[in-house]
Amino acid sequence: MEEPRLHCIGILHGDITRLADAPKNFSESNRTGILEIYPKYRDGLDGITKGQTIVVLFWLHKADRSILKVHPRGDSSRELRGVFATRSPARPNPIALSELLVQAIDENTIAVSGVDVLDNTPIIDIKKKI
Ligand SMILES: C[S@@+](CC[C@H](N)C(=O)[O-])C[C@H]1O[C@@H](n2cnc3c(N)ncnc32)[C@H](O)[C@@H]1O
């Protein structure tokens, strides 16, 4: 079977530069950032409006892709669990899903809040929240 091929559509600019400083999830984050979408994908943003929550899929470029069991939330007092039963960034395909609130949109940039990923994390998709 042919392996899937991804095209990164943009990059997240934020102020989180160390993994230790990143919130564990978007639901626990008040951090803000800018989604810079590459110009060739700009038309795909039509319909996104301020105040909307969007689902953003990121490629966690610094994640460990070899791990299949983790202590949930990095808490070593908790029993090891399979990564597919967690939201751990460590997984064979390190895709993160974050629900972000649109604060402003201008051309190919979207200001968002709820950021839980590092500065410079690649963006692979954006979807409407249902
Ligand atoms: C558990 S993930 C949650 C991501 C997403 N909300 C989800 O549920 O799929 C958030 C954690 O991923 C880690 N992380 C953030 N950006 C990363 C990156 N670019 N590469 C690797 N790990 C990252 C940080 O430790 C952060 O606390």
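The exercises below walk through a barrel, one of its strands, some loop residues and the surroundings of a ligand.

The structure is a predicted model, in which local features need pLDDT of at least 70 and side-chain atom pairs count only at pLDDT 80 or more, while totals for chains, interfaces and linings use all residues. Residues are numbered from 1 along each chain as its sequence is written.

**Exercise 1.** Work out which strands β2 is joined to, and how many bridges join them.

*Solution.* Begin with the terms: strands are DSSP runs (E, at least two residues), numbered from the N terminus, and two strands pair if DSSP finds at least two bridges between them. Strand β1 (residues 10–14) is joined to β2 by five bridges, and the two run antiparallel; within this pairing, His13 has Ile34 as its bridge partner. Five bridges also join β2 to strand β7 (residues 109–113), again antiparallel. Here Ile34 has Ala111 as its bridge partner, and Glu36 stands opposite Thr109. Finally, place these pairs in the whole: six strands form a closed barrel in the order β1-β2-β7-β6-β3-β8, with antiparallel pairing.

**Exercise 2.** Decide which side chains of β2 belong to which face, and which of them are buried.

*Solution.* Recall that in a regular strand the side chains alternate between the two faces of the sheet. Then apply the cut-offs: a residue is buried if 20 or more other C-beta atoms, placed from the backbone, lie within 10 Å of its own, exposed if 12 or fewer, and partly exposed in between. In β2 (residues 32–37), Gly33, Leu35 and Ile37 point to one face and are buried, whereas Thr32, Ile34 and Glu36 point to the other and are not.

**Exercise 3.** Explain why Glu107 counts as exposed and Asn120 as partly exposed.

*Solution.* Glu107 lies in the loop between β6 (95–106) and β7, and it is exposed because 9 other C-beta atoms are within 10 Å. Asn120 belongs to the loop between β7 and β8 (122–128), and it is partly exposed because it has 13 C-beta neighbours inside 10 Å. As for the backbone, most residues other than glycine have a negative phi. Glu107, however, has a positive phi of about 50°, and the phi of Asn120 is near 75°.

**Exercise 4.** Describe which kinds of residue make up the shell around the ligand.

*Solution.* Of the 20 residues around the ligand (C-beta atom, placed from the backbone, within 6 Å), Ala22, Leu60, Lys62, Pro89 and Ala96 come nearest. The shell divides into 11 nonpolar (Ala, Val, Leu, Ile, Met, Phe, Trp, Tyr, Cys and Pro), four charged (Asp, Glu, Lys and Arg) and five polar residues (the others, Gly among them).

Key
Helix = DSSP H or I, 4+ residues; strand = E, 2+ residues; numbered from the N terminus.
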